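Work through the exercises below with the sequence and the 3D view at hand. Try each task before reading its solution.

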Amino acid sequence: MPLDHAPAHRRIDLDLAEALRLLGSVALGRIVFTRQALPTVRPVNHVLDRGDIVILTHEGAALTSHAEEADDTGVVVAYEADAIDPDTHLGWSVVVTGYAHLVTDPSELMRIQHLLRFWAPGEGAAQAVRIRPELVAGVLLTTSSGTATTPG
């Protein structure tokens, strides 16, 4: 049964710069990749680094193995992060589709490990995956008056 007194909401598409700014304002997101020909979603934390999304994974993880086996193009993944208030349903969401590569340079891996930590303890040896955005789609969920501020 719909609530008659619920405020009207509006969806506003974000430009690339604002979508990436908001994505960079939070640390936790979800990576989507293919495992055994099916989509798989994993929560991870991330950092924006030189326009790319960088995440940590552990050696032997499905995504790590998939990225290792990829050709020069990389493996196609999607990445999503958001900040949406559970009560008002206001906030934003950003989805990035791009190519993931395993970071193999030891000095680059060490630098990334200083920028980022696993989101859950006990993950094991850290590997880094760099996602180069190809498609970025972001939306702001606001009131019809547009007075809501963007969280993050």
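**Exercise 1. Find which residues of helix H3 are buried and which are exposed, and say what the buried ones pack against.**

Step 1. In H3, the buried residues are Glu108, Leu109 and Ile112. Buried means under 20% relative accessible area, exposed means over 50%, and partly exposed lies in between (1.4 Å probe, protein chains only). Helices (H or I, at least four residues) and strands (E, at least two) are DSSP runs, numbered from the N terminus.

Step 2. Those residues span an arc of only 100 degrees around the axis, so they are on the same side of H3. The arc is taken from the directions that run from the helix axis to the C-beta atoms.

Step 3. Pro106, Ser107, Met110 and His114 are exposed on the other side of H3.

Step 4. The packing partners of the buried residues of H3 are E3, strand E4 (52-58) and E7.

A note on the model: it is predicted, so local features need pLDDT of at least 70 and side-chain atom pairs count only at pLDDT 80 or more, while totals for chains, interfaces and linings use all residues. Residues are numbered from 1 along each chain as its sequence is written, and side-chain values use heavy atoms, with hydrogens and water left out.

**Exercise 2. Trace the salt bridges around aspartate 49 and arginine 130.**

Step 1. The structure holds 10 salt bridges. A salt bridge is a side-chain nitrogen of Lys or Arg within 4 Å of a carboxyl oxygen of Asp or Glu.

Step 2. One of them joins arginine 111 to aspartate 49, at 2.6 Å from N to O. Arginine 111 belongs to helix H3 (residues 106-115) and aspartate 49 to strand E3 (residues 38-49), so this pair ties together parts 62 residues apart in sequence. Arginine 111 is partly exposed, at 28% relative accessibility, whereas aspartate 49 is buried at 8%.

Step 3. Aspartate 49 also forms a salt bridge with arginine 130, where the closest N and O atoms are 2.7 Å apart. Arginine 130 sits in strand E7 (residues 126-143) and aspartate 49 in strand E3, so the parts tied together here are 81 residues apart in sequence. Arginine 130 and aspartate 49 are both buried.

Step 4. Arginine 130 meets glutamate 108 in a salt bridge as well (2.7 Å, N to O). This pair links strand E7, which holds arginine 130, with helix H3, which holds glutamate 108, across 22 residues. Arginine 130 and glutamate 108 are both buried.

Step 5. Through shared partners, salt bridges join Asp49, Arg50, Asp52, Glu108, Arg111, Arg130 and Arg132 into one network.

**Exercise 3. List strands that pair with E7, giving the direction and a bridge partner for each.**

Step 1. Two strands pair if DSSP finds at least two bridges between them.

Step 2. Strand E1 (residues 9-14) runs antiparallel to E7 and is joined to E7 by six bridges. Isoleucine 12 has leucine 140 as its bridge partner in E7.

Step 3. E4 and E7 are also antiparallel, with six bridges between them. Here isoleucine 53 is matched with isoleucine 131 in E7.

Step 4. Strand E6 (residues 91-102) pairs with E7 over 12 bridges in the antiparallel sense. Leucine 102 stands opposite valine 129 in E7.

**Exercise 4. Which residues other than glycine have a positive phi, and where do they lie?**

Step 1. Most residues other than glycine have a negative phi.

Step 2. Alanine 37 has a positive phi of about 65 degrees. Alanine 37 is in the loop between E2 and E3 and is exposed, with a relative accessible area of 69%.

Step 3. Histidine 89 also has a positive phi, near 65 degrees. Histidine 89 is in the loop between strand E5 (75-84) and E6.

**Exercise 5. Describe the chain as a whole.**

Step 1. The chain has three helices and seven strands, in the order β-α-β-β-β-α-β-β-α-β along the sequence.

Step 2. Of its 152 residues, 38% count as buried.

Step 3. Among contacts with a separation of 6 or more, 70% are between residues 24 or more positions apart. Contact means heavy atoms within 4.5 Å.
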